[in-house]
Amino acid sequence: MKILKKELLTNKFSHIYIEKEALSNRNTQRIVAKFPNSKIIEISNYKEVFSSNNQNFITQKLSPKLILAVKNENNIYKGAKVCESFNNENFFYTSSIINCLYDCEYCYLQGVYPSANIVIFVNIEDVFEEVKKLLNDLGHIYLCISYDTDLLALDNICNFVDKWYELAKEYKNLKIELRTKSTNIKNIIEKKSLDNFIIAFTVSPDFIVKNYEKYTAGFEKRIEAIKDLQRKGWSIRLCIDPIIYTENFELIYSDMIKQIFVSLDKDKIVDISIGFFRISKEYLKKMRRQNSDSRLLHYPYVCENGVYSYSKAKREKALTHIKDILLNFVNVEKIYI
């Protein structure tokens, strides 16, 4: 696994496809400069490559290509009902990047997109203009910026986290959530912490990381990164999501939670979200077809209202177990389900 991880990260992006409209963009030029040995291919529209037929998501994950494009519409979306708003009004999300460096076996992206290649929409400044308009219309918004990718993991390539930070610094009525599994905190840890910029770390037991979250940082490394950020004044959201049922479920999740609160400052944890593995019927069908050997994907989930997850009884059992442990360390008001 270590050899495969090294090869992936050292040989990625051998080809970079660039839309004509994106060629002169300054962000494009900065990104391309970081890959002097990559072959540059000009295209008219990113969908020529990204949406072509007969692609294999699983195989492409071994050697993803980079696509630089311009997105001219639908940059900001209303937050979905299945996503947690943390009691924030005017909940939105945006996706400046499609797909992720990581290869989590349960990831819904493999059910959504035909390709594992990574698309970066380089005209992020246009997104900022839409954000400013929303702020002017609504007064304040809560915006999640890292749903369809791990933005922090890609920050050395596109530096978008830094750009979002500067926007949040200027507009105090903009609250941003950056969700991540990455320990790539070198750039952000040197910045002054912001009350309206939340770093949300997904945490999973080591067993889950090693078996289902390929290429991600291990649990202990994530905890070290969070600890370093807390020392610099950053408040952190913890996301125990998705919960995966496995052998010794109670033990491995109990041990993880106890280790979290031995290592971290609980007063600098904003809140904790808990979520179960859940996926739409159509996405899971596609994911099972692509990954026929996955025990996780072929588990006999229960379908409720078009969404597959564990049975209600299993969810309630897991929820009671995890919530009871968390309540030894934090107040119930900090727990979101």
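Which residues form one aromatic cluster with Phe-249 and Tyr-253? Before I answer, let me say that what you have in front of you is a predicted model, and everything I describe this morning should be heard with that in mind. The members of that cluster are Tyr-245, Phe-249, Tyr-253, Phe-277, Tyr-299, Tyr-301 and Tyr-310.

Let me stay with two of these residues for a moment. The count of aromatic pairs comes to 20, and one of them is formed by Phe-249 and Tyr-253, whose ring centres are 4.9 Å apart and whose planes are at 40 degrees to each other, so that the pair falls between the limits of 30 and 60 degrees and counts as tilted. Both residues belong to helix α11, which covers residues 249–263, and because they are 4 residues apart there, about one helical turn separates them. Phe-249 is buried, at a relative accessible area of 3%, and Tyr-253 is likewise buried, with a value of 1%.

Rings also meet charged side chains in this model. Lys-78 is placed over the face of Phe-92, 4.9 Å from the ring centre, and Arg-288 is placed over the face of Tyr-308, where the distance to the ring centre is 5.7 Å.

I turn next to helix α6, residues 124–138, which lends itself to a simple check of geometry. With 15 residues and 1.5 Å for each, taken over one residue less than the full number, this helix should span 21 Å, and the distance between its end C-alpha atoms, also 21 Å, agrees with that expectation. The buried residues of α6 are Ile-124, Val-127, Phe-128, Val-131, Leu-134 and Leu-135. Because these residues cover an arc of only 120 degrees around the axis, they lie on the same side of α6. On the face turned away from that buried side we find Lys-133 and Asn-136, which are exposed. Just after the helix comes Gly-139, which adopts a positive phi of about 95 degrees.

Now to the strands, beginning with β1, residues 15–19. Strand β1 runs parallel to β2, residues 39–43, and 5 bridges join the two. The chain passes from β1 to β2 by way of helix α2, residues 26–33, in a β-α-β crossover that is right-handed. Within this pairing Ile-16 stands opposite Ile-40, while Tyr-17 has Ile-41 as its bridge partner in β2. There is a further parallel partner for β1, namely β3, residues 66–69, with 3 bridges between them, and here the bridge partner of Tyr-17 is Ile-67. As for covering, 4 of the 5 residues of β1 are buried.

How many strands form the open sheet that includes β13 and β14? There are 8, in the order β4-β5-β9-β10-β11-β13-β14-β18, and their pairing is mixed. The edges are taken by β4, residues 76–78, and β18, residues 335–336, and since each of these has a single partner strand, one side of each is left without a neighbour in the sheet. Inside that order, β13, residues 236–243, runs parallel to β14, residues 269–276, and 6 bridges join them. Across this pairing, Arg-237 stands opposite Asp-271 of β14.

To return to where I began, the cluster includes Phe-249 and Tyr-253, and these two, in the predicted model, are set about one helical turn apart in α11.

Definitions and conventions. Residues are numbered from 1 along each chain as its sequence is written. This is a predicted model: local features need pLDDT of at least 70, side-chain atom pairs count only at pLDDT 80 or more; totals for chains, interfaces and linings use all residues. Side-chain values use heavy atoms; hydrogens and water are left out. Rings of Phe, Tyr and Trp (its six-membered ring) pair if their centres lie within 6.5 Å; planes under 30 degrees apart count as stacked, over 60 as edge-to-face and the rest as tilted. Buried means under 20% relative accessible area, exposed over 50%, partly exposed in between (1.4 Å probe, protein chains only). A charge sits over a ring if NZ of Lys or CZ of Arg is within 6 Å of the ring centre and within 35 degrees of the ring normal. The arc is that of the directions from the helix axis to the C-beta atoms. Two strands pair if DSSP finds at least two bridges between them. A crossover is right-handed if, with the strands pointing away from the viewer, the path from the first strand over the helix to the second runs clockwise.
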